[in-house]
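Walk through this model one chain at a time, then look at how the chains meet. Keep the 3D view open as you read.

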Amino acid sequence: MKFMLLICHDEQSWNSQTEDERHKIYAEYRQLIDDLKADNKYLFGDQLQPAATAQSVRVRNGEQLVTDGPFAETREQVGGFFMIEADSFDEAKSIAARIPSARTGTIEVRPVVAAQ
Amino acid sequence: MAKMKYMLLVYMDEQAMTDEERAHCYVESAQLTQTLHANGQYVAAGPLHSVSTATSVQVRDGKRLVTDGPFAETREQLGGYYVVEAKDLDEAIDIAQRVPPAKYGTIEIRPLMEIPGLPESN
C-alpha cells in the first residue's frame with residue numbers, strides 16, 4: 001500500500017537552528033532514505049521551499065485567483081514529503097516516527113488511493 | 001532550457017463535492033496527467049484517501065505520539081498532489097489552474113529544493 005508522509009514543521013524553529021545542526025539533520029534524512037530504499041519502502045520524496053515561496057491558485061466562475069502564500073496560515077507548514085510502500089497502516093506510522101522532523105514537528109500519514 | 005520542479009498541493013473541503021462530482025474529477029485529473037505527460041511536464045500525481053483516514057505522528061523525548069486526524073484542523077484539507085516540471089512559476093500557475101479541484105478548493109504551488117545526496121526519483 002502506498003502512503004504519503006507529509007512532513008509538517010514550524011519554519012521559524014528550523015531557521016533558528018545552526019548550519020551544523022541542519023547538516024546533521026540532512027545526513028539523518030539521507031541515512032533514513034538509504035535504509036528505506038534497501039527495504040524497498042521508499043518511492044520518492046522532496047523537500048519543499050519555504051511557505052513564503054508558495055502561490056495559491058483558485059478558479060471561481062472561470063476566473064483565476066492567485067494569492068501569495070500557502071493555502072492556510074497554520075503554525076506548522078508542509079516542509080517536505082515521502083511517498084512510501086508499507087504493508088499496513090501500522091508500518092507506515094512506524095516509518096513516520098523515524099523521520100527526523102517527527103521529533104520537532106508532525107508527520108501526517110495519508111493512504112494514497114490506488115490507481116483506477 | 002533548465003526546468004524547475006514544483007509540487008501542487010490540492011486542498012479542498014471534502015464536503016464541497018458530491019460523489020458524482022468527485023468521480024468526474026478523478027477522470028478529468030487522469031486526463032490532465034496524460035496531457036502533462038505528453039508535454040514533458042509530468043513527474044508524479046495521486047489522490048489521497050479521505051482525511052478521516054489520516055494519522056499524525058510526533059516523537060518527543062524519544063516517545064512516539066500518534067493521534068487520529070491531520071496535523072491541523074483547517075476547513076480545506078489535502079486531497080491529492082501533483083509534482084510537475086515547468087520552466088517558471090507562471091507555467092506552474094498555468095498548470096495549477098487546470099487541475100480540476102481548483103474550481104472547488106485551492107492549489108498551493110511550492111517550488112522544490114534541490115538537496116545534494118538525495119536518491120533520484122524514478
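**Where the two chains meet**

In this predicted model, chain A and chain B bury about 4800 Å² between them, and carbon and sulfur atoms give 62% of that area. The contact takes in 51 residues of chain A and 52 residues of chain B. Which kinds of polar link cross between chain A and chain B? Salt bridges do not: their count between the two chains is zero. Polar contacts do, with 28 residue pairs, both members at pLDDT 80 or more.

Many elements of chain A take part. Those giving two or more residues to the side that touches chain B are β1 (2–9), α2 (19–38), β2 (42–47), β3 (55–60), β4 (63–68), β5 (77–85), α3 (89–97) and β6 (106–111). By residue type, this side of chain A divides into 29 nonpolar, 11 polar and 11 charged.

Now step back to chain A itself. Chain A holds three helices and six strands. Read from the N terminus, the order is β-α-α-β-β-β-β-α-β. The C-alpha trace of chain A spans about 45 × 45 × 20 Å along its principal axes.

The strands of the two chains join in sheets. Start with the open sheet of six strands ordered β4(A)-β3(A)-β6(B)-β1(B)-β5(B)-β2(B), paired antiparallel. β4 of chain A and β2 (42–47) of chain B are at the edges with a single partner strand each, so one side of each has no neighbour in the sheet. Neighbouring strands here are turned by 20° against each other on average, direction ignored.

Where does this sheet pass from one chain to the other? β3(A) and β6 (residues 106–111) of chain B run antiparallel and are joined by three bridges. At this crossing, Ser56(A) stands opposite Glu108(B) in β6(B). Further along, within chain B, β2(B) pairs with β5 (residues 77–86) in the antiparallel sense, over five bridges. There Tyr42(B) is opposite Val84(B) in β5(B).

A helix covers part of this sheet. Helix α2 (residues 89–96) of chain B lies across β3 and β4 of chain A, and also across β1 (4–12), β5 and β6 of chain B. The angle between this helix and β6(B) is about 155°.

Next, find the open sheet ordered β2(A)-β5(A)-β1(A)-β6(A)-β3(B)-β4(B), which has six strands in antiparallel pairing. Its edge strands are β2 of chain A and β4 (63–68) of chain B, each of which pairs on one side only. From one strand to the next, the twist averages 20°. The crossing between chains is the pairing of β6(A) with β3 (residues 55–60) of chain B, antiparallel and over three bridges. Here Glu108(A) has Ser56(B) in β3(B) as its bridge partner.

Finally, turn to charge. Side chains of opposite charge can pair when their charged atoms come close. Over all chains, the structure holds 12 salt bridges, yet the count between chain A and chain B is zero. One of the salt bridges brings together the side chains of Arg75(A) and Asp10(A), at 3.9 Å from N to O. Arg75(A) is in the loop between β4 and β5 of chain A, and Asp10(A) is in the loop between β1 and α1 (11–15), so the pair ties together parts 65 residues apart in sequence.

Conventions. Residues are numbered from 1 along each chain as its sequence is written. Chains are lettered from A and ligands numbered from 1 in the order in which they are written. This is a predicted model: local features need pLDDT of at least 70, side-chain atom pairs count only at pLDDT 80 or more; totals for chains, interfaces and linings use all residues. Side-chain values use heavy atoms; hydrogens and water are left out. Contact means heavy atoms within 4.5 Å. Buried area is the accessible area (1.4 Å probe) that two parts lose on being put together, summed over both. A salt bridge is a side-chain nitrogen of Lys or Arg within 4 Å of a carboxyl oxygen of Asp or Glu. A polar contact is a pair of N or O atoms within 3.5 Å; within protein, one must be able to donate a hydrogen and the other to accept it, and residues adjacent in sequence count only if both atoms are side-chain atoms. Helices (H or I, at least four residues) and strands (E, at least two) are DSSP runs, numbered from the N terminus. Ala, Val, Leu, Ile, Met, Phe, Trp, Tyr, Cys and Pro count as nonpolar, Asp, Glu, Lys and Arg as charged, and the others, Gly among them, as polar. Two strands pair if DSSP finds at least two bridges between them. Axes are lines fitted to C-alpha atoms, for helices over the stretch in contact, and angles run from 0 to 180 degrees between N-to-C directions.
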